[in-house]
Amino acid sequence: MVGAPPSYKGHRYPVEVISHCVWLYFRFPLSFREVEELMFQRGVIVSHETVRRWCLKFGQAYAGALRRRRPRPGDKWHLDEVFIKINSEQKYLWRAVDQDGNVLDILVQNRRDKAAARRFFRGLMTKTGRVPRVVVTDELRSYGAAHGEVMPSVEHRSHKSLNNRAENSHQPTRQRERATKGFRSVGGAQRFLSASSGISPHFRPRRHLMTASEHRAEMTTRFTIWEQITGVTGRPTAA
């Protein structure tokens with residue numbers, strides 16, 4: 001059974017307002033002040049600081065509930081790392097997706113050496129509870145060194161052109177960076193990206209594979225799931 005939605009006890013705003021603000025922030029490259037403005041246009045007066053607190057409190061809970069409803073991840077994993085600026089310092093964002101583009105894990109680290117790759121591999125297997133059939137990476141040598149230690153029995157394919165799926169999954173992060181002028185702390189980046197990687201993809205079906213009517217039907221289903229996990233329509237049913 002899927003767990004109950006989070007408790008809203010003590011909040012004076014209805015769950016519909018809270019869940020909508022969280023959806024706006026994690027689904028689109030918006031700042032807290034922009035969410036405040038959008039809500040004001042709809043006649044709801046809520047401060048950007050209140051939106052920030054809601055996103056901190058409920059973002060991870062919503063993302064976790066959506067992840068629990070997903071099917072088991074595929075057995076072909078694409079891994080990639082990109083640099084991000086946090087307080088003018090260069091850090092590295094490691095991301096893993098399966099062959100269907102589902103985000104498996106993200107991790108912000110200071111380096112992209114063998115130790116960092118090994119830490120990412122181990123955390124990824126712990127989080128998914130699985131060992132993949134194939135791992136696809138770019139030509140960074142750290143992957144090969146860590147792969148030999150952590151998952152030597154797994155096939156490793158290393159080639160730049162093979163890893164477009166993982167590279168493309170970084171695009172929403174780049175959009176967020178531009179909209180908010182960068183992240184301010186490692187912890188803040190990790191929290192936001194962890195929640196965003198659970199919420200934003202839920203509302204990004206593979207549109208290019210659908211007709212307009214199919215896309216509308218799929219989005220209707222996904223919004224229904226969102227209302228269930230946030231508690232807008234009461235307790236969710238089994239996945």
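## Exercises around Arg222, the sheet and the cores

Arg222 is buried, because its relative accessible area is 19%, and buried means under 20% relative accessible area, exposed over 50% and partly exposed in between (1.4 Å probe, protein chains only). The model is predicted: local features need pLDDT of at least 70 and side-chain atom pairs pLDDT 80 or more, while totals for chains, interfaces and linings use all residues. Residues are numbered from 1 along each chain as its sequence is written, and side-chain values use heavy atoms, with hydrogens and water left out.

### Exercise 1: the setting of Arg222

Where does Arg222 lie, and which residues is Arg222 in contact with, leaving aside its neighbours within four places in sequence?

*Solution.*
- Start with the element: Arg222 belongs to helix H9. Helices (H or I, at least four residues) and strands (E, at least two) are DSSP runs, numbered from the N terminus.
- Next, list the contacts, meaning heavy atoms within 4.5 Å. Without those sequence neighbours, Arg222 touches Pro201, His202, Phe203, Arg204 and Pro205.
- Finally, look at the polar atoms: one in the Arg222 side chain is 2.7 Å from the backbone oxygen of His202. A polar contact is a pair of N or O atoms within 3.5 Å; within protein, one must be able to donate a hydrogen and the other to accept it, and residues adjacent in sequence count only if both atoms are side-chain atoms.

### Exercise 2: rings around Phe223

Classify the aromatic pairs that Phe223 forms with Trp23 and with Phe203.

*Solution.*
- Set the rule: rings of Phe, Tyr and Trp (its six-membered ring) pair if their centres lie within 6.5 Å; planes under 30 degrees apart are stacked, over 60 edge-to-face and the rest tilted. The structure holds 16 aromatic pairs.
- Take Trp23 and Phe223: with 5.7 Å centre to centre and 65° between the planes, the pair is edge-to-face. Trp23 in helix H1 and Phe223 in helix H9 are 200 residues apart, and their pair links distant parts of the chain.
- Check accessibility: Trp23 is buried at 13%, whereas Phe223 is partly exposed at 32%.
- Take Phe203 and Phe223: their ring centres are 4.9 Å apart and their planes at 40°, so this pair is tilted. Phe203 sits in the loop between H8 and H9, 20 residues from Phe223, and Phe203 is buried with a relative accessible area of 3%.
- Put it together: Trp23, Phe203 and Phe223 belong to one aromatic cluster that also holds Tyr8, Phe28, Phe58, Tyr62 and Trp226.

### Exercise 3: reading the sheet

In what order do the five strands of the open sheet run, and which strands are at its edges?

*Solution.*
- Trace the pairing, where two strands pair if DSSP finds at least two bridges between them. The order is S3-S2-S1-S4-S5, with mixed pairing.
- Find the edges: S3 (103-109) and S5 (155-158) each pair on one side only. From one strand to the next the twist averages 20°.
- Compare directions: S1 (residues 76-86) and S4 (residues 134-137) run parallel, joined by three bridges, with Lys76 partnering Val134 of S4. S2 and S3 are antiparallel over six bridges, and Arg95 stands opposite Ile106 in S3.
- Inspect the turn: four residues separate S2 and S3 in their hairpin, where Gly101 has a positive phi of about 85°.
- Judge S3: six of its seven residues are buried, so S3 is largely enclosed by the rest of the structure.

### Exercise 4: the nonpolar cores

Which residues have the most contacts inside the largest nonpolar core, and which helix gives the most to this core?

*Solution.*
- Define the set: a nonpolar core consists of buried Ala, Val, Leu, Ile, Met, Phe, Trp, Tyr and Cys residues joined through side-chain atoms within 4.5 Å. In soluble globular proteins, nonpolar side chains tend to be buried together.
- Identify the hubs: among the 43 residues of the largest core, Phe26, Val35, Met39, Trp54, Tyr62, Ile199 and Trp226 have the most contacts inside it.
- Assign the elements: H1 (15-27), H2 (32-41), H3 (48-69), S1, S2, S3, H8 and H9 (212-230) each supply at least two residues of this core. H1 gives the most, with nine residues.
- Look beyond: apart from this core lies another, of 19 residues, including Leu79, Phe120, Phe121 and Val154.

Note on methods
Axes are lines fitted to C-alpha atoms, for helices over the stretch in contact, and angles run from 0 to 180 degrees between N-to-C directions.
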